[in-house]
Structures are given as structure tokens and as C-alpha cells.
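Ready for a few warm-up exercises? Have a look at the structure first, then try each task before reading its solution.

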Amino acid sequence: MMNTLNTENPIEKPFRKTGDPVDLTSESPLHPRRKSRRIMVGPVPVGGGAPISVQSMTNTLTADVPATLQQIAELTAAGCDIVRVAVPSQDDADALPEICRKSPIPVIADIHFQSKYVFQAIDAGCAAVRVNPGNIRKFDEVGPDICKAATDAGISLRIGVNAGSLDKDLYAKYGGPTPEALVASALKEAHMFEDVGFHDFKISVKHHDVITMVETYRLLASKGDWPLHLGVTEAGPAWQGTIKSCLAFGALLAEGIGDTIRVSLSAPPVEEVKVGCKLLEYMGLRPRKFDIISCPSCGRAQVDVIQLASAVTEGLKDVTAPIRVAVMGCIVNGPGEAREADLGVASGNGKGQIFIKGKVIKTVPEDQIVDTLLTIANDIAAQMEADGQVPVNSTGPVVVPIQHPGH
């Protein structure tokens, strides 16, 4: 069920600044995290060993405050930590104070071209501002003032380079948006800030190509200790963009590189958040939440595994308790996988064995498998919620295919 927006409890101010102590850390089981300095995006720490945060961006007209706040509520319910809103017009800038006051998560203003909106966003109470020095008019003149305003307000900034907006001189020098060109542009922007004593910023160097993106972030990570915002820009439709993002983020996170992520999909923003949260879970960078293990369809299956898994997933879409449900379709791996899950079924010969915590509790006819699993799963989830075992911002199920030998 969708969470409703709580307008009575806006984010507390003032926000903590870079270097303020927090107890949370998030270490990868695959590789030590790259050492980066810490900035704050509102109450959310980014870098310095802090848990990797998930971001998204609203696709509403920011000036439509009710619609924007509703979408922020939906993103929050899906597990989003930080939200970005576009500010291309004066009407959008005027909407920021109310959005910042009522948003349950920190708001970043996304600003291009017009520096006046940067100052308005800071005054409005935004937790951070995304600025692109490459397209802000007369940035050499206004940059120091932006840094001073951000410092006075205690907020951070994000600077970044996209392959599609690379400086023309660097494009010509390096022959295109190569990793070297993107990093050179990012370093130029970083030095603009650091030369006036401003250090509360993170950097992104996005590219649509997975290999180029990974090489670029690796190179940038070797040049300094800035916190890094990972992203594959223009990643594409949901299935394609998910694959690209998982490949790129997985490679970098496995090397300890990355402090906050945004999965960019041509899909509803909530889908970006779901992919980002699950990616971190499966990388061991967030506590495991609810997922469904299901085997692929094959000639050994004695039930319609695709239909069975889909029915169970749909029936449990609102469950957020951290349980693992196994939906298995044959006797090769089915019993073993079902025993390893919190709740599982091993199907075959027109019936299904139902397992709880490794023990068979009953055998039911095939046409009763789905209803039985749904009833038991909801009972387990309700008990875990009653016992306080459901994490904050838990997300719904994702189907995890299990590959049988020979596939």
C-alpha cells in the first residue's frame, strides 16, 4: 500500500555538514570501500564510508506542487533516500520552498543555465543543488558566490559531466567524450570550487556506454577523494537500462567505488528506485529484504513455473518483510532450494510440498499452491511486522531466477 505524505514532520534543520560523525558504515563484502570525504545531503551522509544512498528524479512539473509531493511520497515508499527535482523555470523555483518543507526526504534542485535559480534553491531550503558549471552563464563570476551561499546555508553541491554536454575544447582535444576527456572536465570543475575553499561537493561523470562509464569512474577515483555519484546516463528502456546499470554499478561497487547511485531508466521513477535498492541488496551493501527465488522454465518442470512465479509475485507485491520465498518447479533442485528459503514449494506430479524453514509442513494439490503460499507468506510477514523485524523503507519482491545444472 502506498505511503501517504506526512506534511506535519518536515526534515529537521540545520543539516549536518561534511565531517560530522555518524555511526553508520557500509562496507562491501567484495572489496574495501574507496576512501572518500563525506558530505551531507540534508540528513543523508554521502561518502566517507556512509551507506550508499539511492537517488531518483521526479518527472512531474515541479511547479505542480501536489503532483511532485505525491511522487516524492511514492519514491520514499519504494526506498528512495534522496530526490532531485528539475528547476528550468521561475515557476519551478517558486515551488521549491513548499516542496522542501513537506518532502519526507532531502530535495536536490537540478539547475542548468540560470544561476539565479541556484540562489533561490538555496534560500528555499534545498538539501543540495546540482549545478553544471559548463552551462551556467558566466560561471567564473558567479561560482564563488554560489559556493559562499552554499557554505552559509550548510548545504552541499553536485557537479558533473555528461558525455552529451562535454566542453567543446576538451571534446576536440581528446577526440570525443573519452574517459580522459570526461575526467579532465570534472577536474576543471572541481578545481573551480576548491580554489575558493569549497569542498562540500560530489562528482558524477556519466556516459551511456557501460565500458566508457566504468573506465571514467575508475580514472576519476584515482585522482582524489571526492564522493562519487554513479550513473549510466540515458541508459534506455527499463530492461535495457537495468542491465546497463547493474553491469556498470556492479563492476564499480565490487571495487569499492561509488557513494550514491541513480539508476536512469525510461520508466517511472519508482522503477529506478526498486532496481537501485535491489542492486545494493544483492551486492551485500544493504540488508536483505523480501525476494522470490524461482527456477527458469525447462523440460524437467512439471508445473508452469512462469505462471506460478508470476502469480506468487503479484500476490505478494505489497509484502515488505525480509523473507525469501522459493517457487520451484522440478525435483532436481526444487527440494533443496525450498529448504533454504524461509518459505518454499517444490512442485511436481500435480502437487506441491510446502516448506517452512527447511521442514515440510504440508503437501497440497497443484491448484492450491498459490493460495497456500500467499496465506502463509502473509502470516509470516504480519508476525515479523508485529515483532518489529521489518526494516524502514523495505521494498517489495523481485524474482530471482535459479539456474539449474545444464542450463
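**Exercise 1.** This is a predicted model. Find the ring that the charged end of R37 sits over.

*Solution.* Start at R37 and go to its charged end. You land on the ring of F201, with 5.1 Å to the ring centre.

**Exercise 2.** Work out how many aromatic pairs there are, and which residues the ring pairs link into a cluster.

*Solution.* Step one: the count is two aromatic pairs. Step two: take F193 and F198, whose centres are 5.9 Å apart with 45 degrees between the planes, which makes the pair tilted. Tilted is the right word because 45 degrees is neither under 30 nor over 60. Step three: F193 also pairs with F201, again tilted, at 5.4 Å centre to centre and 40 degrees between the planes. Step four: put the pairs together, and F193, F198 and F201 make up a cluster.

**Exercise 3.** Decide whether F193, F198 and F201 are buried or exposed.

*Solution.* Buried means under 20% relative accessible area. F193 comes in at 0%, so call it buried. F198 has 3%, so F198 is buried too. F201 is likewise buried.

**Exercise 4.** Look up which residues UniProt lists under "binding site", then place C295 and E337 in the fold.

*Solution.* The unreviewed UniProt entry gives C295, C298, C330 and E337. C295 is in the loop that runs between β11 (291-294) and α10 (305-315), and its relative accessible area of 5% makes it buried. E337 belongs to helix α11, residues 334-340. Its relative accessibility is 22%, so E337 counts as partly exposed.

Key. Residues numbered from 1 in each chain as written. Predicted model: local features only at pLDDT ≥ 70, side-chain atom pairs only at ≥ 80, totals over all residues. Heavy atoms only, no water. Phe/Tyr/Trp six-rings, centres within 6.5 Å; stacked < 30°, edge-to-face > 60°. Buried < 20%, exposed > 50% of the residue type's maximum accessible area, 1.4 Å probe, protein only. Lys NZ or Arg CZ within 6 Å of the ring centre and 35° of its normal. UniProt positions renumbered as here; feature names shortened; annotations may be inferred. Helix = DSSP H or I, 4+ residues; strand = E, 2+ residues; numbered from the N terminus.
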